[in-house]
Amino acid sequence: MDIYSAQRLIGEDIITVMYERYTILKFISENNSAGRRSIADALNLTERTARKHIDYLNDKNLIRINKYGVTVLDEAYIVLDYLADYFSRVFSFKEKEVALKELLDINDVVIVRGNCDTDEVSISNMAYEADKIFTDTPLGSKIIGVSGGRTMKAVADNLKSIISSQIVVVPVRGAVGRSHTASANSVSTTIGMKLKCNAYSLNVPENLSGDALKVFSQHPDVQVVTSTYDKIDMLFFGIGRPDELIEYRIFDELEKGLVSSDNCIGEALGYYLDINGKVILHPKSIGLSTDQIKRIPKKYAVAGGASKKDAIKAVCSFAKDIVLITDEGCADALLK
């Protein structure tokens, strides 16, 4: 037994209070001038509980309350850095991680506290674990591939600044539908700025015809990016639910029928999958081929929420040699 296990045994109520204050502080740091009600709603707390914690944090001079809302003070960022590591140890889910790894038959699993279906902090927690992979990886000449999506955007936004001119970040998909702020291009650019390294964009429309796809793929600006795909050292990608993606990605009638069928339950890197990981629909844009995906030595899927359990099952059948970073809500749903 370690100190964190002992704390959970005899001080679980105290840890819960600390964690609630930590999540409030973290939420305020990411949402400037947040109001009490928005804090309570986002973190699934009662207004009374949120107000009590906010008053406590204010008394400790970690936040400032004014007519515009609540903002964090400089010392709060130091506290957040320490507590992020502390809670990752306190809420270690080793037994569940081993069980889920065996169930999904993949390389490894990392579970964080929360359920991103009901709280926003879970996404930040997953992003923190992805950040640890970046910061714990020895710096050197590396090509990092990234997909888009809400969770991957959070990963990019939460990265620490690491200066390494030898790293190159590349998007593994072209532009997607009407989604811009969470596109692979946007994620690549943000990570490039955070890591102070080279980052590329892949400005190719979604849903191209065969001839148009061939023309775009031969353009020098596109080939600069795609020429790196066989050399990618690490891949970070999100996992999608087809029933959600169909709302903003562009499909013809036949594709829409395939994606909206009961058979289609997961998506990753533009590939739409059934429960056994079989590809139902291939991407009609420039991106990674299945052979290129297989050749990448280190692959990290970042996705959470109980509602994504089936999508995650499909993707883990599609690519067995991955590390899954997920949350407690999704893990519990998968292990039931």
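These legends describe close-up views of a predicted model.

**View 1. The seven-stranded sheet is open and pairs in the parallel sense.**
Its strand order is 3-12-11-7-4-5-6. Strand 3 (108-112) and strand 6 (198-199) form the edges, each pairing on one side only. Within this sheet, strand 7 (residues 234-238) and strand 11 (residues 298-302) run parallel and are joined by five bridges. Phe236 lies opposite Tyr300 of strand 11 in this pairing.

**View 2. Strand 12 pairs with strand 3 and with strand 11.**
The pairing of strand 3 with strand 12 is parallel and has five bridges. Here Val112 has Asp327 of strand 12 as its bridge partner. Strand 11 also runs parallel to strand 12, and three bridges join the two. On this side the bridge partner of Tyr300 is Val323 in strand 12. Tyr300 also stands across from Phe236.

**View 3. Strand 12 is largely enclosed by the rest of the structure.**
Five of its five residues are buried, so the surrounding structure largely encloses the strand. Val323, Ile325 and Asp327 point one way from strand 12, whereas Leu324 and Thr326 point the other way. In a regular strand, side chains alternate between the two faces of the sheet. The buried residues of strand 12 include Asp327, the bridge partner of Val112.

**View 4. Helix 6 and helix 16 lie across strand 3 and strand 12.**
Helix 6 (residues 94-104) lies across strand 3 and strand 12 (323-327), and its direction is at about 135° to strand 3. Helix 16 (residues 328-335) lies across strand 3 and strand 12 as well, running at about 105° to strand 12.

**View 5. Ile312 and Phe237 belong to the largest nonpolar core.**
This core has 69 residues, of which Phe237 and Ile312 touch the most other members. Neighbours within four places in sequence aside, Ile312 is in contact with Leu104, Ile239, Ala303, Leu324, Thr326, Cys330 and Leu334. Two of these contacts, Leu324 and Thr326, are buried residues of strand 12 that point the same way from the strand. Another core, of 27 residues, lies apart from the one that holds Ile312; Phe134, Leu159, Val169 and Tyr300 are among its members.

**View 6. Helix 2 and helix 7 cross at roughly 85°.**
The axes of helix 2 (residues 12-30) and helix 7 (residues 121-136) come within 10 Å. The two helices are therefore roughly perpendicular to each other. Helix 2 contributes Tyr19, Thr23, Lys26 and Glu30 to the contact, and helix 7 contributes Val121, Ser124 and Asn125. By class, the residues of this contact are two nonpolar, three polar and two charged.

**View 7. A three-stranded open sheet has antiparallel pairing.**
The strands follow the order 8-9-10. Strand 8 (266-268) and strand 10 (279-281) are the edge strands, and each pairs on one side only. On average, neighbouring strands of this sheet are turned by 45° against each other, direction ignored. Strand 8 and strand 9 (residues 271-273) run antiparallel and are joined by three bridges. Glu267 stands opposite Tyr272 of strand 9.

Conventions
Residues numbered from 1 in each chain as written. Predicted model: local features only at pLDDT ≥ 70, side-chain atom pairs only at ≥ 80, totals over all residues. Heavy atoms only, no water. Axes fitted to C-alpha atoms, helices over the stretch in contact; angles between N-to-C directions. Helix = DSSP H or I, 4+ residues; strand = E, 2+ residues; numbered from the N terminus. Parallel < 35°, antiparallel > 145°, perpendicular 65-115°, else oblique. Contact = heavy atoms within 4.5 Å. Nonpolar A, V, L, I, M, F, W, Y, C, P; charged D, E, K, R; others polar. Core = buried A, V, L, I, M, F, W, Y, C linked by side-chain atoms within 4.5 Å. Buried < 20%, exposed > 50% of the residue type's maximum accessible area, 1.4 Å probe, protein only. Pairing = 2+ DSSP bridges.
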